[in-house]
Amino acid sequence: MKRVITYGTFDLLHYGHINLLRRARALGDYLIVALSTEEFNWREKQKKCYFTYEQRKELLESIRYVDLVIPEENWEQKRRDVKLYQADIMVMGDDWKGKFDFLEEEGCEVVYLPRTPEISTTQIKKDLHK
Ligand code: C2G
């Protein structure tokens, strides 16, 4: 049983997120998504979520590629998470390339996948604002 973990905000869920989740799940047999809490998003990423944590969690749990959703509350939890959840692979979009290589020290492979072009939550908000 190969276990994959990924992290993100997943606000205004879109096909770029689905492309990431589908490819991440395809690298193993079980996909854990660590979902950024509103507090973490605001404190660390200055992102204001449109949907609450519970709403974003419900959306993610309805995706066939996702097996478990856990909260992401800080930057430091990744080392603990990969041990606690016995993750074999950590997957992120390549906008994070190189940022999480330290997890290899915990025996967890780190894979950065190409982002889906032209779509982002920020872009959706901008377009809707026009
Ligand atoms: N993503 C993608 N293509 C897009 C948009 C997003 O592949 N067009 C990927 C991102 O690279 C990320 C995941 O989808 O791997 C979730 O994206 P966000 O919700 O924007 O997550 P982010 O704010 O980057 O938070 O500790 C890590 C952070 O929590 C990641």
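This report describes the largest pocket of a predicted model and the ligand placed there.

**The pocket**

The largest pocket encloses about 660 Å³ of space. Its lining is made up of 32 residues, and those nearest the pocket centre are Thr9, His17, Lys47, Asp95 and Arg115. By residue type, the lining of the largest pocket holds eleven nonpolar, eleven polar and ten charged residues.

Several secondary structure elements take part in this lining. At least two residues each come from the strands β1 (3–8) and β4 (89–93) and from the helices α1 (15–26) and α5 (121–129). The element that gives the most to the lining of the largest pocket is α1, which supplies four residues.

**The ligand and its shell**

The ligand takes up the space of the largest pocket. Two or more residues of the shell around the ligand come from each of β1, α1 and β4. Helix α1 gives the most to this shell, with three residues.

In total, 21 residues surround the ligand, and the closest are Phe10, Lys47, Glu72, Asp95 and Ile119. The shell around the ligand divides into seven nonpolar, eight polar and six charged residues. Lys47 and Asp95 appear in both lists: they are among the residues nearest the centre of the largest pocket, and they are also among the closest to the ligand.

**Polar contacts**

The table lists polar contacts between the protein and the ligand, with the atoms involved.

| Residue | Protein atom | Ligand atom | Distance |
|---|---|---|---|
| Ser36 | polar side-chain atom | oxygen | 3.4 Å |
| Gly93 | backbone N or O atom | oxygen | 2.9 Å |
| Thr116 | polar backbone atom | nitrogen | 2.8 Å |

Ser36 makes its contact through the side chain, whereas Gly93 uses a backbone atom, and Thr116 also uses a backbone atom. Taken alone, the ligand exposes 630 Å², and 96% of that area is buried by the protein.

Conventions:
Residues numbered from 1 in each chain as written. Predicted model: local features only at pLDDT ≥ 70, side-chain atom pairs only at ≥ 80, totals over all residues. Heavy atoms only, no water. 1 Å grid on protein atoms, 1.4 Å probe; cavity = no way out; pocket = protein on both sides within 12 Å on 5 of 7 lines; lining within 4 Å. Points joined across faces, edges and corners; volume = space filled by probe spheres on them. Nonpolar A, V, L, I, M, F, W, Y, C, P; charged D, E, K, R; others polar. Near = heavy atom within 4 Å. Polar contact = N/O pair within 3.5 Å; in protein donor to acceptor, adjacent residues only side chain to side chain. Areas by Shrake-Rupley, 256 points an atom, 1.4 Å probe, with all protein chains shown as cover. Sits in = over half its atoms within 2 Å of the grid points.
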